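Me: I'd like to practise reading sheets, cysteines and surface patches on a real example. Can you walk me through one?

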Amino acid sequence: IGDWGTGVWQDGGKGKCPAQLVIDGVLSQNPDYIIHLGDVYYAGTSKEERKHLLELLPDSYKGRVYTMNSNHEMYDGANGLLGTSLQDPMFHQQQGSSCFQLAIGDWIFVGLDSAYYDDSMLYMKGSLCNSKGGEEQLGYLGSAYRTGKKIFLLTHHNGIEVAKDGPTPNETLWSQVVGALDQHLPEAWYWGHVHSGIVYRDNLSFYNVGSHTATHKMRCCGHASIPFGDGSYLKKASHGTDRTVDYYACTHMPNPTDEVQKLRVLNGFALVTITGDMLTEAFYEVSNDYAKPKQVWPLP
């Protein structure tokens, strides 16, 4: 789940807001772990971290939830994240760090902090390091790569830019990841930040880094609570023989109660299943009109 930390809010005439629907949907799938890709609104203060993140997570998942830093949490200097959330028993397995590793089967999940060392305005672009520090993150990712396990990278910031003329690498973050992985890309990379659910094709031309040619799973999962609409540029990118997007969140909200809701599409989450060296993905969407989350990619 990404960009989920809105807390509970009144969504027009609907019974539950997206944050509630998403966590209910996630829990209905009984996952072993929950990973939040960052953003607790508006500024990740201690009060907001408690009310919009910690209070919505069930006690039964203590030690099985991971979270990370983001641009919004940096608006309070990451004090709420580091001083409140990561000190709570819910996240005790992270030992106060905004980075983490989790080995499952032949994969290793690596969560990195793409916000703390970001020099861009309002921390919007994402970076693992700058002139003031952060190089240890590159070593942290590199050490995971040298285990020989497949890398499942998690960052708040997007590895791919969403642009009307087509997807392109988010240059600074992309180049830092590739450098840390000895001129390779991770086998899978999930991020939030962009308020949509997007499944990029596994074999886009710019995935061919150096001498390495392979397919890679690049996914945006930043649509867990913030209201958003149907992106025309994503619709264009998902059609035709040269499409660059296999799926994007575009189901319009059923039974809208006002003019704004008519423009909105459904929020959702992703479920990843690891079996040995195999990875299976499913994107779900949620609604007050659904009795349970609906799988929308790949089609069941």
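Me: Let's start with a pair of strands. In which sense do β3 and β4 pair, and over how many bridges?

Reply: Keep in mind that this is a predicted model. To read a pair, look at the direction of the strands and then at the bridges. Here β3 and β4 are antiparallel, with five bridges between them. As a landmark, find Phe100, which faces Gly111 of β4.

Me: How many residues lie between β3 and β4 in the hairpin?

Reply: Two residues separate the strands of this hairpin, and Gly105 in the turn has a positive phi of about 60°.

Me: Now the whole sheet. What is the strand order, and is the sheet open or closed?

Reply: Walk across from one strand to its neighbour. The order is β3-β4-β5-β8-β10-β9-β11, seven strands in an open sheet with mixed pairing. At the edges you find β3 (100-104) and β11 (245-248); each has a single partner strand, so one side of each has no neighbour in the sheet. From one strand to the next, the twist averages 15°.

Me: Where should I look for the parallel part, say around β8? Which strand do four bridges join to β8 (residues 188-191)?

Reply: One of them is β10 (residues 217-221), running parallel to β8. There, Tyr190 sits opposite Arg219 of β10. Strand β5 (residues 150-155) is also parallel to β8 and also joined by four bridges, with Leu154 opposite Tyr190.

Me: And the faces of β8: are they covered or open?

Reply: Start from the general idea: in a regular strand, side chains alternate between the two faces of the sheet. Now the case here. Ala188 and Tyr190 are on one side of β8, Trp189 and Trp191 are on the other, and all of these are buried, so both faces count as covered because buried means under 20% relative accessible area.

Me: There's a second sheet too. What is the order of its three strands?

Reply: That open sheet runs β12-β13-β14, with antiparallel pairing. Its edge strands are β12 (268-275) and β14 (294-297), each pairing on one side only. The twist averages 40° from one strand to the next. For a closer look, take β13 (residues 278-285) and β14: they are antiparallel and share three bridges, and Glu285 stands opposite Lys294 of β14.

Me: On to the cysteines. How many disulfides are there?

Reply: A disulfide is a covalent bond between the sulfur atoms of two cysteines. To read one off coordinates, check for a pair of cysteine sulfurs within 2.5 Å. The count here is zero. For Cys99, the nearest cysteine sulfur belongs to Cys129 and is 12 Å away. For Cys220, the nearest is that of Cys221, at 7.3 Å, and Cys220 is in no disulfide.

Me: Are Cys99 and Cys220 buried or exposed?

Reply: Cys99 counts as buried because its relative accessibility is 15%. Cys220 is buried as well, with a relative accessible area of 1%.

Me: Last one, the surface. Which residues make the nonpolar patch?

Reply: Look for nonpolar side chains that are accessible and neighbour one another. Met121, Leu122 and Met124 make a patch of about 350 Å². Met121 lies in the loop between β4 (107-111) and α5 (135-145).

Me: Why does Met121 count as exposed?

Reply: Because its relative accessibility is 71%, and exposed means over 50%.

Terms used
Residues are numbered from 1 along each chain as its sequence is written. This is a predicted model: local features need pLDDT of at least 70, side-chain atom pairs count only at pLDDT 80 or more; totals for chains, interfaces and linings use all residues. Side-chain values use heavy atoms; hydrogens and water are left out. Patches are made of residues with over 30% relative accessible area and no salt bridge: like charges are joined within 9 Å, nonpolar side chains (Val, Leu, Ile, Met, Phe, Trp, Tyr) within 5 Å. Accessible areas come from the Shrake-Rupley method with a 1.4 Å probe; for residues, only the protein chains shown count as cover. A salt bridge is a side-chain nitrogen of Lys or Arg within 4 Å of a carboxyl oxygen of Asp or Glu. Buried means under 20% relative accessible area, exposed over 50%, partly exposed in between (1.4 Å probe, protein chains only). Two strands pair if DSSP finds at least two bridges between them. Axes are lines fitted to C-alpha atoms, for helices over the stretch in contact, and angles run from 0 to 180 degrees between N-to-C directions.
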